[in-house]
Amino acid sequence: MSKKDQPHKPSPISDRPEEEEDNAIDSQFRPKLHHLLVILFVGTVVSGAAARNWQIVGKQTAVSKVTQTNYQATANLPLVDANGLPVMNPQPPSDAEVWECDVAIVGGSLGGVAAAYHSMKTGATTCLIELTPMLGGQVSSQGVSAIDESMLMRYRQQFPLSWTHFKNIIASQPALPQKYSYLKPGAVVADTNSCWVGNLCFTPYSGELASEEFLRESQRSAPKSRWGTQIAFKGASFNERGDRITAIHGVKRIPRDPNYLPVGRLSRELKGWYNWNSDETFDKKAIRLQAPVGKQMQVIDATDTAELIAWANLPHRVGSEGFETTGEVHAVADNPDCTQAFTFPFVLKIADDGGRSLKELSKVQPGFSREEHRRDYDLGRFPMFEGNSVFNYRRIVSMRRDDPFTATPVQGDMTVINWNRGNDWGIMNPPLILTEQQIRASGQQQNWLGGLNTTALKDGENHALLFAEWLMEKYASSQFPLRMMSGPDSPMPTESGLSMYPYIREGRRILGRAAYGQKEFMMREQDIRNDMRGGRDFNATSIGITHYAIDMHGCRYRNWEPSKAPSSAPANEDKVLPIILPFESLIPQRIDNLLIGGKSMAVSHIVNGATRIHVGEWSAGAAAGAAAAWLSLQSDNSLTPQAILDRGRLNELQDLLRSQGIVLRW
């Protein structure tokens, strides 16, 4: 193909009208002829867990030869099996690369990293697959690399030992890639950390490095363990009774370009990340996670949107609930559209780029007017730069490492922008999380493509980019020139400068099994408020603790029709009890070898506002990892998570958790 015949590559920031998607992701992948012609000429390709221009220090790019395969849907396959579980279509390929695992973890989120660490520490061979090129979720690919903790937990220092250890590893990581010559040689996060949201802010780059180092450390206890990034979950296989998972299926993508960098427009990339078939950007390789011969595998869903739960259509809830559903004082009505707002964070640097980043932002063509987007932007009572400022709130690089509550930032300082009246996107036209009906209608129960609405993703991306433009136009000056970091030299490693995956405050939340007086267990508002009656004592089945304010980032419709959001539910942390996480909150219905390893645990929409933050997700993941590993090492295959409770063996698991530094009591 001649150069003049090649299609124009759009700017990663601009948004072409013809790319708009008004509906959910297409139900089937339709391979195009020109894709196949290009693929015929591809031989050796370069791959790696983080294949991008600024390779992680010490990582070597692996070269692998991939055989081109085209997976087609099969006609007349049933939609579900005899147990009502989905039948994958296309069927998983028979030549998949097999990973043998005692414990399989879907999702390298913050909870997934905690789960893998504690699983390996317990001695179980552990496998983990992660969709994005970065491990760590909130602290890396989602761009929330600023640790937010309650004052109570900070004061008491009642954190899981592994959480404290992980934070120390982050503090010791290089602050930026080596090519950032304006930092002193060998500068680490501890040298540049200065923010006021918490005690530790850093670049997503450092968060990923720490996640990798953290897992390598625990791998010494289970040396056959493995993990991989750029692997999408595609589905699972089940036993004959349909109550156990026997295999997890994924598709690994290997970038053709050794300098591949995610576009940072997930709305455009999502389908290509999940498709079985190779395309112009990626070669694909099928992966199958299964138990060693003669053993049974334990599985953890550690994705922030409960992908495995959604694909298998296990009992769960999406959005807000009403009083009739939960008995919560501040619950208004059931509304599956109303999940908490998601955010695409980005990085601003005090530096003069000659107006280049602002010029690039001017190319954004949103689906609706700039004026409508801009009406939401407001810094409130906070200044942009001086003192207790927006810039210092999540400042990830401080040249002077001065007091973030009083100091004024200087040239070279960088901040992550994650602001409620800024790049939060809570508009429900359309909502981000597909419901079970929408998943079925889109065909994703057979050919899973992430379970997200790409129009919502695109609107959220545009809202974030336009917020960056607004901040630069309104607040940049000769003293404080602003540059939006993007491209290969950005600490948010995407072409657009947006996080490669949004910060998900709330996805799907499981409905647990019968417990504590409920047929379908979930933690409720009255369980965590100190000013309400009717709370339950979960100490007997505690597997971890957390604490935070009930912090609701709300939802609304564009035309301001009633959202049914619990707008009166938010509460300062002094109204929130020290929170006990019961083991029942991690056990889904129907599948006996499955646990939740993150924020998709059995909690109400309101309680999620307090359990979704970093350490809450970590505590759930840590407990799930240790529990799954302990189960896998027992000689009794009939012992399941629920059976631990039913047979009175929870005290044995709690002893293990304590031995690993997981705090169970306040």
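## Ground rules

Helices here are DSSP runs of H or I at least four residues long, strands are runs of E at least two residues long, and both are numbered from the N terminus. With those labels settled, note that this is a predicted model.

## Unusual backbone spots

Start with the loop between β20 (424-425) and α13 (436-442), which is where Pro430 is found. The peptide bond leading into Pro430 from Asn429 is cis, and its omega sits near 0°.

There is also a cis peptide bond between Asn89 and Pro90, with omega about 10°. Pro90 belongs to the loop between β2 (62-65) and β3 (97-100). Then there's Arg401, which is not a glycine but still has a positive phi of about 50°. You'll find Arg401 in the loop between β18 (395-397) and β19 (414-417).

## α2 and its two partners

Two packed helices are described by the angle between their axes and the distance between the axes. Take helix α2 (residues 110-122) against helix α17 (residues 614-632): the angle is about 35° and the axes are 7 Å apart. This pair has a right-handed crossing. On the α2 side, the contact uses Leu110, Gly111, Val113, Ala114, Ala115, His118, Ser119 and Thr122, while α17 brings His614, Glu617, Trp618, Gly621, Ala622, Gly625, Ala626, Ala629 and Trp630. Sorted by class, the α2–α17 contact has nine nonpolar residues, seven polar and one charged.

α2 also packs on α6, here at about 15° with 8 Å between the axes. Angles under 35 degrees count as roughly parallel, so α2 and α6 are roughly parallel to each other. Their crossing is left-handed. From α2 come Val113, Ala116, Tyr117, Met120 and Lys121, and they meet Ser211, Phe214, Leu215, Glu217, Ser218 and Gln219 of α6. That contact between α2 and α6 splits into six nonpolar, three polar and two charged residues. Val113 is worth a click, since this α2 residue is listed in the contact with α17 and also in the contact with α6.

## α4 across α6

How do helix α4 (residues 161-171) and helix α6 (residues 204-219) cross? Their axes come within 9 Å, at roughly 125°. The two helices are therefore oblique to each other. α4 passes α6 in a right-handed crossing. The α4 residues involved are Ser162, His165, Phe166, Ile169 and Ile170, facing Ala210, Ser211, Glu213, Phe214 and Glu217 of α6. Count the α4–α6 contact by class and you get five nonpolar, three polar and two charged residues.

Several α6 residues do double duty: Ser211, Phe214 and Glu217 touch α4, and these three also turn up in the contact with α2.

## Enclosed space

Rolling a probe the size of a water molecule over the atoms shows where empty space is left. In this model, there are five cavities of 30 Å³ or more. The largest cavity holds about 200 Å³. Its lining has 21 residues, and Gly107, Glu130, Leu131, Thr303 and Glu307 are the closest to the centre. Strand β9 (residues 231-238) supplies the most to that lining, with three residues. By class, the lining of the largest cavity comes out as nine nonpolar, nine polar and three charged.

The second largest cavity contains about 70 Å³. It is lined by 14 residues, with Thr339, Trp425, Gly426, Ile427 and Leu432 the closest to its centre. The lining of the second largest cavity breaks down into ten nonpolar residues, three polar and one charged. Trp425 falls in β20 (424-425), which flanks the loop that holds Pro430.

## An open site

For anyone thinking about open space instead, the second largest pocket has a volume of about 860 Å³. Which residues lie nearest the centre of that pocket? They are Asp148, Val197, Tyr393, Tyr548 and Asp551, out of 35 that line the second largest pocket. That lining includes 16 nonpolar residues, ten polar and nine charged.

Terms used: Residues numbered from 1 in each chain as written. Predicted model: local features only at pLDDT ≥ 70, side-chain atom pairs only at ≥ 80, totals over all residues. Heavy atoms only, no water. 1 Å grid on protein atoms, 1.4 Å probe; cavity = no way out; pocket = protein on both sides within 12 Å on 5 of 7 lines; lining within 4 Å. Points joined across faces, edges and corners; volume = space filled by probe spheres on them. Nonpolar A, V, L, I, M, F, W, Y, C, P; charged D, E, K, R; others polar. Axes fitted to C-alpha atoms, helices over the stretch in contact; angles between N-to-C directions. Parallel < 35°, antiparallel > 145°, perpendicular 65-115°, else oblique. Left-handed = near helix turned anticlockwise from the far one by under 90°. Contact = heavy atoms within 4.5 Å.
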